[in-house]
Amino acid sequence: MDFKMTEEQELLLESLKELVEREWNEEAYNDCYYRDHTYPLDFISKLSEAGFTMLGVPEEYGGTPVDYLTLVMFAKELARLTGASLPTSSNAISIDDILSFGNEEQKKFILEYVTEHGTSPFALGFSEPQAGSDSSAITTTATRKDGKVYINGHKTMVSDADTSPYLLTITRDLEAEKPMKAMSMWLVPMDAPGVKLEPLHKIGLKTSGFHEIYLENVEIEESALIGIEGEGFMQLMKNFEIERLMLVAIGVGMAEAAFEEVARYANFREQFGKPIGQFQIIQEKITDMAIKIANMKSHIFECAWKKDNDISIMVESALAKRYCSQASFEVLDEAMQILGGIGYTEESRISRMWVDVRHLRIAGGTDEIMVHIAGRQLLKQYR
Ligand SMILES: Cc1cc2nc3c(=O)[nH]c(=O)nc-3n(C[C@H](O)[C@H](O)[C@H](O)COP(=O)(O)OP(=O)(O)OC[C@H]3O[C@@H](n4cnc5c(N)ncnc54)[C@H](O)[C@@H]3O)c2cc1C
């Protein structure tokens, strides 16, 4: 087993570190987070100029191809260096649905947008009020009349809906017997008549919007279909496993950022005449945090390596998603404990990461759904 990074990976992460040291501004990010509720666009454009936002996108589309392991390392490291959840680390995965299934016009538009803005041009509208974990309960429909397509339905909890020009969404043929084989994927312009947004107010991840979306007789062209009609769900599933890894990689990076911060703090914060790091109970916290971080890193890196080597990660990615979502939050929670009261304020970035990391136990498939995916498969191996 070789745990050594390749020269390319070392160079990539080194240049990312240099860029963050030069361009990251914690105060400006706090303003984006707590006051303006926007992404740090200046920083994202620096990432974009340096080519990081096209990482993993095939060369023929103007990107820099890298393997999944490198993408996961990059997402983790960006979160470790900034302590922030940025939308750029998984562009390659987000736009892959379009690169894999879209037509030439759709691909061209998507790539031009990512190249210019550093982020994907579409929000993902899958969840519906009655269809969260159970995607088969989706009731948004696409019907045809006089050569046009009309979308009707209600999507919920859509991240970035207010800043994305398009919605990548799923509809279902309600008459079909097998719901999963009756779903289709569409790219709906957000400014089309009949699209209405209503805000939801997240407790964390404050740099991005969160919305209900009402779709009422939204007229789109036939050319807005992505891929094959009826196969939308299968298309969506293509990258789900690696998307989950990318998502928790951000949590692992934040856990590392928190660990590094509080380990330093424990060395200088004095109570009862000595640094709190000299109390064994604080050392125990530091030790357990380090164990969790080591486990999380091994888990996500091994998973990504398997994916790169065409080994199925159906079970492993669910295990990693569940473990890392919980463990990264536990690390953040202990970090807050070590900081004491100041950790519970907006003046400390630990509180920001604490609330951000918590969403991982819900978004991208809940902890419980990860058991649903992995549990039966694990038992099956021993029948
Ligand atoms: C920060 C954030 C960002 C999000 N962004 C998006 C987005 O951009 N686009 C989008 O479409 N969605 C998004 N979502 C929605 C997310 O995908 C859903 O919240 C998630 O799939 C769970 O669905 P639900 O909230 O309806 O919970 P439900 O499915 O109603 O679940 C409620 C509870 O029941 C449990 N449960 C459900 N089924 C089972 C089962 N079979 N066995 C055991 N327990 C079960 C769940 O684990 C959970 O604990 C986002 C959510 C969050 C928190």
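**Note on a three-domain predicted model**

1. The C-alpha centres of domain 1 and domain 2 lie 25 Å apart. The contact between them draws on 13 residues of domain 1 and nine residues of domain 2. On the domain 1 side, the elements that give two or more residues are α2 (26-36) and α6 (96-101). That side of domain 1 divides into six nonpolar, six polar and one charged residue. The model is a predicted one, and this applies to every point in this note.

2. For orientation, the protein is divided into domain 1 (7-117), domain 2 (122-230) and domain 3 (239-380). The points below take the sheets, then the ligand, then a helix pair.

3. One open sheet has four strands in the order β1-β4-β5-β8, and its pairing is mixed. The edges are held by β1 (122-125) and β8 (225-226); each has a single partner strand, so one side of each is left without a neighbour in the sheet.

4. Within this sheet, β4 (residues 166-172) and β5 (residues 183-189) are paired in the antiparallel sense, over seven bridges. To find this pair in the structure, start from L167, whose bridge partner in β5 is V188.

5. A further open sheet, also of four strands, runs in the order β2-β3-β7-β6 with antiparallel pairing. Here β2 (141-145) and β6 (195-199) stand at the edges; each has a single partner strand, so one side of each lacks a neighbour in the sheet. On average, neighbouring strands of this sheet are turned by 10° against each other, direction ignored.

6. Strand β7 (residues 210-220) takes part in two pairings that can be traced residue by residue. With β6 it pairs in the antiparallel sense over five bridges, and K196 has Y214 in β7 as its bridge partner. With β3, β7 pairs in the antiparallel sense over eight bridges, and Y150 stands opposite E219 in β7.

7. Where does the ligand lie with respect to domain 2 and domain 3? Domain 2 (122-230) and domain 3 (239-380) both give residues to the shell around the ligand, so the ligand lies between them. At least two residues of that shell come from each of β1, β3 (148-159) and α13 (367-380).

8. There are 19 residues around the ligand, and those that come nearest are S127, G132, S133, T366 and E368. By class, the shell around the ligand consists of nine nonpolar, eight polar and two charged residues.

9. Helix α13, which supplies residues to the ligand shell, also packs against helix α11 (residues 314-339). The angle between α11 and α13 is about 145°, and their axes are 9 Å apart. The crossing of α11 past α13 is left-handed.

10. Which residues of α11 and α13 make the contact? From α11 come M314, V315, A318, L319, K321, R322, S325 and Q326. From α13 come D367, M370, V371, I373, A374, Q377 and L378. By class, the residues of the contact of α11 with α13 are nine nonpolar, three polar and three charged.

11. For a reader tracing the model, β1 is a useful place to return to: β1 stands at an edge of the sheet with the order β1-β4-β5-β8, and β1 also supplies at least two residues of the shell around the ligand. Strand β3 likewise supplies at least two residues of that shell, and β3 pairs with β7 in the antiparallel sense.

Note on methods: Residues are numbered from 1 along each chain as its sequence is written. This is a predicted model: local features need pLDDT of at least 70, side-chain atom pairs count only at pLDDT 80 or more; totals for chains, interfaces and linings use all residues. Two strands pair if DSSP finds at least two bridges between them. A residue is near a molecule or strand if its C-beta atom, placed from the backbone, lies within 6 Å of it. Ala, Val, Leu, Ile, Met, Phe, Trp, Tyr, Cys and Pro count as nonpolar, Asp, Glu, Lys and Arg as charged, and the others, Gly among them, as polar. Domain bounds come from an automatic or database domain assignment. Axes are lines fitted to C-alpha atoms, for helices over the stretch in contact, and angles run from 0 to 180 degrees between N-to-C directions. A crossing is left-handed if the near helix is turned anticlockwise from the far one by less than a right angle, and right-handed if clockwise. Two residues are in contact if their C-beta atoms, placed from the backbone, lie within 7 Å.
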